[in-house]
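Me: I'd like to learn how to read a structure like this one, feature by feature. Can you walk me through it?

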Amino acid sequence: MRYDAIIVGGSFAGLSAALYIARARRRVCVIDAGAPRNRFADASHGFFAQDGENPLAMIAAARAQLAGYPNASFVAGEAVSARAAGDGFAVSLAGGQRLEASKLVLAFGIRDILPDLPGLAERWGASVLHCPYCHGFEFAGRMLGVLFAGPKSLHQAELIAEWGPTTLFLNGNPAPDAEACTRLAARKIRIETGSVRALAGEGRALSALAMADGRTIPLEALFVGPRYRLNSPLAEQLGCAVDEGMLGPTIRTDAMKETTVPGVYAAGDAARFPHSVAWASADGVTAGVSLHQTLVFPRLAA
């Protein structure tokens, strides 16, 4: 069967797009590899009426609701290639299955490239964090840190100071210039110049950073702005323009979430910066509505 739309990625953006397409009574198929970016977090915050809910439970509920539409279907697996095929597109899966559709939505997300420090990866999403709006409130007033990962870390430290006393850990990198130091001092941000050896704490909790010089610095949450990469090469395979940002690549889209390739849309973390589940879901809605309307009014796609 040929679908009206194939959605690559079944998390907040992809499921939101699929729901709107399904409600428009079009045939939609969601391909999902089952590894959403926020699977490491126990709770998602800042999403309307869902504050504090488990993100995997939210995805499961959305998927169950979408499954109630007879014109929506799911395929579990990894989409490994996509290309133009006639007046639409063909997507191939790792297992050899091939699906075709008139339109595509790329919602496969991104993968964070975490610093290689002992004890960091296992605390990602619990006490090692990237977004203060998502998790900062839960650590308000406690000892907070920012691990230097580039110039943007200075901005991050100034922001994190809204939630509690903050230390910028340079981790052996050069000290900021005088102007930046003045700004950090105005926000009462301490600068630690030494290298970090490891993170310590019970389970996924953080209690301290072990420094290379033997010191132990108490800390309860460490914010990191890691680089990231796209989860899939499909955008490049299709010829979509991809812009390189300060922390990683972003698929270029217009206001209606269409990429530079007509008929291919992109939504979620792979197609925007900054990131959040609320923005991802909203972008998915935009992509779904835009895609459907070009099916109804082909002139809009011209």
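**Strands, a helix and a few side chains**

Reply: Sure, and keep in mind that this is a predicted model. Let's begin with β15, which is covered on both faces: A221 and F223 on one side, and L222 and V224 on the other, are all buried.

Me: How should I think about the two sides of a strand?

Reply: In a regular strand, side chains alternate between the two faces of the sheet. You can see that kind of split again in β9 (residues 144-147), where L144 and V146 are buried on one side and G145 and L147 are buried on the other.

Me: In what order do the strands of the open sheet run, and is the pairing parallel or antiparallel?

Reply: As a general idea, strands of a sheet pair through backbone hydrogen bonds, either parallel or antiparallel. Here five strands form an open sheet in the order β8-β15-β9-β10-β11, and the pairing is parallel. β8 (128-129) and β11 (190-192) are at the edges with a single partner strand each, so one side of each has no neighbour in the sheet.

Me: How many bridges hold each pair, going along the sheet from β8?

Reply: Let's walk across. β8 and β15 pair over two bridges, in the parallel sense, and V128 has L222 of β15 as its bridge partner. Next, β15 (residues 221-224) is joined to β9 by four bridges, again parallel. In that pairing G145 stands opposite L222, while L147 has V224 as its partner in β15.

Me: And on the other side of β9, which strand is its partner?

Reply: That's β10, paired with β9 in parallel over four bridges. On this side the bridge partner of L147 is F169. Then three bridges join β10 to β11, also running parallel, with T167 partnered by R190 in β11.

Me: Which helix sits between β9 and β10 in their β-α-β unit, and is that unit right-handed or left-handed?

Reply: The helix is α4, and β9, α4 and β10 together make a right-handed β-α-β unit.

Me: Let's move to helices. How do I check whether the length of α1 makes sense?

Reply: Compare the expected span with the actual end-to-end distance. Helix α1 (residues 12-23) has twelve residues, which at 1.5 Å a residue should span 16 Å; the C-alpha atoms at its ends are 17 Å apart, which agrees. Just after α1, R25 takes a positive phi of about 65°.

Me: Is α1 largely enclosed or largely open to the outside?

Reply: A useful general point first: an α-helix has 3.6 residues a turn, so residues three or four places apart point the same way. In this case nine of the twelve residues of α1 are buried, so the helix is largely enclosed by the rest of the structure. The buried ones are F12, A13, G14, L15, S16, A17, A18, I21 and A22.

Me: What covers those buried residues of α1?

Reply: The cover includes strands β1 (2-8), β2 (28-32), β3 (72-76) and β6 (98-106), along with helices α2 (55-67) and α7 (277-296).

Me: How far apart in sequence and in space are S276 and F12?

Reply: They are 264 residues apart in sequence, yet their C-alpha atoms are 9.5 Å apart in space. S276 has its place in the loop between β19 (264-266) and α7, and at 22% relative accessibility it counts as partly exposed.

Me: What about a pair like A198 and L247?

Reply: Those two are 49 residues apart along the chain, and 23 Å separates their C-alpha atoms. A198 lies in strand β12 (residues 196-200) and, at 13% relative accessibility, counts as buried. Leaving out residues up to four places away in sequence, A198 touches P118, A208, L209 and A210.

Me: Now the rings. How many aromatic pairs are there?

Reply: There are two aromatic pairs. One of them is Y133 with W163, an edge-to-face pair at 5.5 Å centre to centre with 90° between the planes. Y133 is in helix α3 (residues 132-135) and W163 in the loop between α4 (152-160) and β10 (166-169), so the pair ties together parts that are 30 residues apart in sequence.

Me: Are Y133 and W163 buried or exposed?

Reply: One of each: Y133 counts as exposed at 59% relative accessibility, whereas W163 counts as buried at 17%.

Me: Which residue lies over the face of F74?

Reply: That's R63, at 4.1 Å from the ring centre.

Notes
Residues are numbered from 1 along each chain as its sequence is written. This is a predicted model: local features need pLDDT of at least 70, side-chain atom pairs count only at pLDDT 80 or more; totals for chains, interfaces and linings use all residues. Side-chain values use heavy atoms; hydrogens and water are left out. The expected span of a helix is 1.5 Å times one less than its number of residues. Buried means under 20% relative accessible area, exposed over 50%, partly exposed in between (1.4 Å probe, protein chains only). Contact means heavy atoms within 4.5 Å. Rings of Phe, Tyr and Trp (its six-membered ring) pair if their centres lie within 6.5 Å; planes under 30 degrees apart count as stacked, over 60 as edge-to-face and the rest as tilted. A charge sits over a ring if NZ of Lys or CZ of Arg is within 6 Å of the ring centre and within 35 degrees of the ring normal. Two strands pair if DSSP finds at least two bridges between them. A crossover is right-handed if, with the strands pointing away from the viewer, the path from the first strand over the helix to the second runs clockwise.
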